[in-house]
Amino acid sequence: MVGLSDAAVAQLETALATALAGEGVDASSAQHGGRVWLAYSGGVDSQLMATLLARWQQRQPQRSCALLHVHHGLSEHADGWELHCRRSAERLGLPLTVSRVQLALKSRISVEAAARDARYAAFLSHLGPKDILLTGHHLDDQAETLLLALKRGSGPKGLASMSRRRALGDATLLRPWLGIPRVIIERAAQSLGLTHIEDDSNADTRFDRNFLRHRVLPELEQRWPGFRRNLARSAELCAEQQHLCDELARSDLDAVARPCGGLSVSAIASLSAERRNNLLRYWLGTRGGVMPTRAQLAQMAQLWEAREDAQPQIAWEGGELRRYRDGIYLLRAPLPVLPKRETLPLLAHWLDASALSEPGSPAPEWALANGEQWCGQRCHQGERLMLPRPGQAVSVRYGLSGSTRLRPLGRSGSRSLKKLWQEYGVPPWQRDGIAMLCYDDEVVAALGLWLEQSALAESGVGWVPVRVE
Ligand SMILES: Nc1ncnc2c1ncn2[C@@H]1O[C@H](COP(=O)(O)OP(=O)(O)OP(=O)(O)O)[C@@H](O)[C@H]1O
């Protein structure tokens, strides 16, 4: 038995060291400058990992390691857990940060999910760009996660469950023990005589995960030994498939993205339904927010099946998709109400500055009411705006009347703004958000779209508005 326990400790210690070495965070590599954090609940898994991390650090004194405990404020015992973590961190000689979170309990979201969201938000707020966050997740957690994903009817992305390594903001999340069963961890913890927190709610089978852990998985494992390991293998296979789907979606996105934003309807319509759904899920995933359900995705067919002059819209919890001509656009928040007129003192100052003949001098950035950031580039050549005359006010205006007549560079004659919006393919709901740059009352540019002929510099220094990405 002693031999088995020693082997368990050695296996876990090796898995931890190997995962960290894989990130270049060991003595053999000098380049990794980040900190190694452990998400530390004080439960048996993270208690053992904290103990082995402290040992690891003694062999790597140049590395900075720390523990991060999230106090969810859910249990009456939470203060006691925090105290356990503080005492234990002191004994191990590892600094501890405690993060207190407030749970946003929304309908549809379970307490467990709300706690997890709050926990990861707290982790993110403490991690630096090159940091690593370890968690004590193991094979049994992975098997439970896969069964929970099956219960929800997830596709390959959900069934892929947890990954051994993934980005967390600019940091990296590592789960060194994801392939190791809980029994090995318990055996090792026992042999080292560790004291850890026992969360009484872990026994409460009203929670889905606990129900699977205590009632379902033991029975399945008894009937089919190795069942958990097989579940974890299925999760890995799903992760591989998902990886392929993402690769395909990225290349499809390159092909269907329109240069001025949105996706091309005709390009999307030429894809098979499965490929289209894959692309849409990927695209919406990269934009954040709540994903549409499968039924909502099916409804999106209206967007590319509608007549060209129709303007269908599909709304769900995470946003709204609208079609305008050949483009599909995602709107997430309600459109902002913009002030009609806004002066740009910084820009005016820059344009007035005495060093006018110094192209390339640093330009201040100006933020617009629609959230865009712009700056100006001075130049001697090319299509550039003339500088304002002394005393002329520089402003941006929004929501100009559609009958305003303008003369963009490169078009003959003047046209109404309404006609120009159509020519430039600007969807109706974006029009009021386009900033029109004015000298006194005269429009000199529609930012991001065109410069006005009447305001072009004919000689000497001029300037070009440039969007800051
Ligand atoms: N309150 C918390 N603070 C910091 N990290 C946490 C917290 N709860 C969970 N974790 C991290 O997430 C991992 C998995 O969480 P899970 O809820 O399965 O574990 P637990 O039963 O609370 O604790 P453990 O896994 O340490 O036994 C933990 O190993 C730990 O790394």
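Let me start with a small sheet: three strands, in the order 12-13-20, make an open sheet with antiparallel pairing. Strand 12, residues 366-367, and strand 20, residues 462-468, are at the edges with a single partner strand each, so one side of each has no neighbour in the sheet. Please keep in mind that this is a predicted model.

How many bridges join strand 13 and strand 20? Seven, in the antiparallel sense, with strand 13 covering residues 373-379. One pair to find on your screen is C379, whose bridge partner in strand 20 is G462. As a reminder, strands of a sheet pair through backbone hydrogen bonds, either parallel or antiparallel.

Now the whole chain. The protein chain has 16 helices and 20 strands. Its C-alpha atoms fill a box of roughly 90 × 55 × 40 Å along the principal axes. The radius of gyration is 29 Å, while a compact globule of 469 residues would have one near 23 Å. Buried residues account for 29% of the 469 residues. If we take contacts between residues at least 6 apart in sequence, 68% of them join residues at least 24 apart.

The domain assignment splits the chain into domain 1 (2-236), domain 2 (257-330) and domain 3 (341-468). Between the C-alpha centres of domain 2 and domain 3 there are 32 Å. Six residues from domain 2 and four residues from domain 3 take part in the contact. Which elements give two or more residues to the side of domain 2 that touches domain 3? They are strand 9 (319-324) and strand 10 (327-331).

R325 is in the loop between strand 9 and strand 10. R325 is not a glycine, yet its phi is positive, about 50°. It counts as partly exposed, with 13 C-beta neighbours inside 10 Å.

Compare that with S161, in the loop between helix 6 (156-159) and strand 5 (165-168). S161 also is a residue other than glycine with a positive phi, near 55°. Is S161 buried or exposed? It is buried, as 25 other C-beta atoms lie within 10 Å.

Next, the UniProt record. An unreviewed entry there lists residues 394-466 as "domain: Lysidine-tRNA(Ile) synthetase C-terminal". In the model, this span is 15% helix and 33% strand, and its end C-alpha atoms lie 16 Å apart.

Strand 18, residues 442-446, is worth a look. Why is strand 18 said to be largely enclosed by the rest of the structure? Because four of its five residues are buried. Strand 18 pairs with strand 17, residues 436-439, through four bridges in the antiparallel sense. Within that pairing, V443 in strand 18 is the bridge partner of C438. The hairpin of strand 17 and strand 18 has two residues between the strands, and D440 there takes a positive phi near 45°.

Strand 18 also runs antiparallel to strand 19, residues 450-451, and two bridges join them. Here A446 has W450 in strand 19 as its bridge partner. Strand 18 and strand 19 form a hairpin too, with three residues between them. In that turn, G448 has a positive phi of about 90°.

After strand 19 comes Q453, in the loop between strand 19 and strand 20. With 15 C-beta neighbours inside 10 Å, Q453 counts as partly exposed. Leaving aside neighbours within four places in sequence, Q453 is in contact with R407 and L409. As for A310, it is 143 residues from Q453 along the chain, and their C-alpha atoms are separated by 34 Å.

Last, the nonpolar cores. In soluble globular proteins, nonpolar side chains tend to be buried together. The largest nonpolar core in this model has 52 residues, and L12, L38, L133 and L134 touch the most other members. Which residues is L134 in contact with, leaving aside its neighbours within four places in sequence? The list is V36, W37, L38, A39, M49, L174 and P176. There is also a second, separate core of 27 residues, and its members include L347, V396, L406 and A446. A446 came up a moment ago, as the bridge partner of W450.

That is the end of my part.

Note on methods
Residues numbered from 1 in each chain as written. Predicted model: local features only at pLDDT ≥ 70, side-chain atom pairs only at ≥ 80, totals over all residues. UniProt positions renumbered as here; feature names shortened; annotations may be inferred. Rg over C-alpha atoms; globule rule 2.2 N^0.38 Å. Buried ≥ 20, exposed ≤ 12 C-beta atoms within 10 Å, placed from the backbone. Contact = placed C-beta atoms within 7 Å. Pairing = 2+ DSSP bridges. Core = buried A, V, L, I, M, F, W, Y, C linked by C-beta atoms within 7 Å. Domains from an automatic or database assignment.
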